[in-house]
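Work through the exercises below with the coordinates open. Each task is followed by a solution in steps.

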Amino acid sequence: MKRRLTLLLATHALTLAAGFGAGVYLLPILTAPDGPNAAVVAQAMANSEHSARFERGLKGSDPVHWADGKVGVSAMQIVFDGRMAPGPDYKVYLAREFVDNRSDFLRIKQDAQLIGDVKTFDRFLLDVPADVDVEAYTTVVVWCEAFSQFISAAQYRMYADPDR
């Protein structure tokens, strides 16, 4: 009887954990708004002053935390056209140096500039705040704030302008 009760509790706990995990993963997919129109993204990409790529195989990326596609940066907007693993609470930051994993981003996060939230996983278009100078940074980073998880990064220029 005791063994049966232990087995019953264990299977229910495992089912609850699996359901919670599936919910955390699926909820952002189910509630994601439509991404910006492909033509709007293409126009924003054409107007970008800098471009780079999010690569799927970065050191800090893994099979469930990644982005793959082109990113454009201008003084007004950051635009992405590609695919990103869905997840909750994604944020886009600008960093002064290229980072490709969680520990490196945490080391420089206090100096990174938060640009905005990502709610879509195939394309996004974020306005750069008026007080942010993109020339003072080199890298776009996608970060999952809820789980402190590195998603991807793309270096759009080699060196930040130290005078900015």
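**Exercise 1.** Determine how β1 and strand β2 are joined, and which faces β1 has.

*Solution.* In this predicted model, β1 and strand β2 (residues 67–73) run antiparallel and are joined by five bridges. Within that pairing, phenylalanine 54 stands opposite glycine 69 in β2. Next, sort the residues of β1 (residues 50–54) by face: His50, Ala52 and Phe54 make up the covered face, while Ser51 and Arg53 make up the uncovered one. Phenylalanine 54 therefore belongs to the covered face.

**Exercise 2.** Classify lysine 91 as buried or exposed, and list the polar contacts of its side chain.

*Solution.* Start with the location: lysine 91 is part of strand β4 (residues 90–95). Its relative accessible area is 14%. The cut-off for buried is under 20%, so lysine 91 counts as buried. Now take the side chain. One polar contact goes to the side chain of aspartate 89, at 3.3 Å. Another goes to the side chain of aspartate 117, at 2.6 Å. Finally, set aside the neighbours within four places in sequence; lysine 91 is then in contact with Leu114, Gly116, Asp117, Val141, Val142, Trp143 and Glu145.

**Exercise 3.** Place β7 among its partner strands and describe how its residues are covered.

*Solution.* First, β4 and β7 run antiparallel, with six bridges joining them; leucine 94 has valine 140 as its bridge partner in β7. Second, β7 also pairs with strand β8 (residues 149–155), in the antiparallel sense and over six bridges. There the bridge partner of valine 140 is alanine 154. Third, β7 and β8 form a hairpin with four residues between them, and serine 148 in the turn has a positive phi of about 50°. As for cover, six of the six residues of β7 are buried. Thr139, Val141 and Trp143 point one way, and Val140, Val142 and Cys144 the other way.

**Exercise 4.** Which atoms does the side chain of threonine 139 reach, and which residues does threonine 139 touch?

*Solution.* Threonine 139 lies in strand β7 (residues 139–144) and is buried, with a relative accessible area of 0%. Its side chain reaches the backbone nitrogen of phenylalanine 98 at 3.4 Å. The side chain of threonine 139 also makes a polar contact with the side chain of threonine 138, at 2.9 Å. Not counting residues up to four places away in sequence, threonine 139 touches Tyr93, Leu94, Ala95, Glu97, Phe98, Ala153, Ala154, Gln155 and Tyr156.

Terms used: Residues numbered from 1 in each chain as written. Predicted model: local features only at pLDDT ≥ 70, side-chain atom pairs only at ≥ 80, totals over all residues. Heavy atoms only, no water. Buried < 20%, exposed > 50% of the residue type's maximum accessible area, 1.4 Å probe, protein only. Helix = DSSP H or I, 4+ residues; strand = E, 2+ residues; numbered from the N terminus. Pairing = 2+ DSSP bridges. Polar contact = N/O pair within 3.5 Å; in protein donor to acceptor, adjacent residues only side chain to side chain. Contact = heavy atoms within 4.5 Å.
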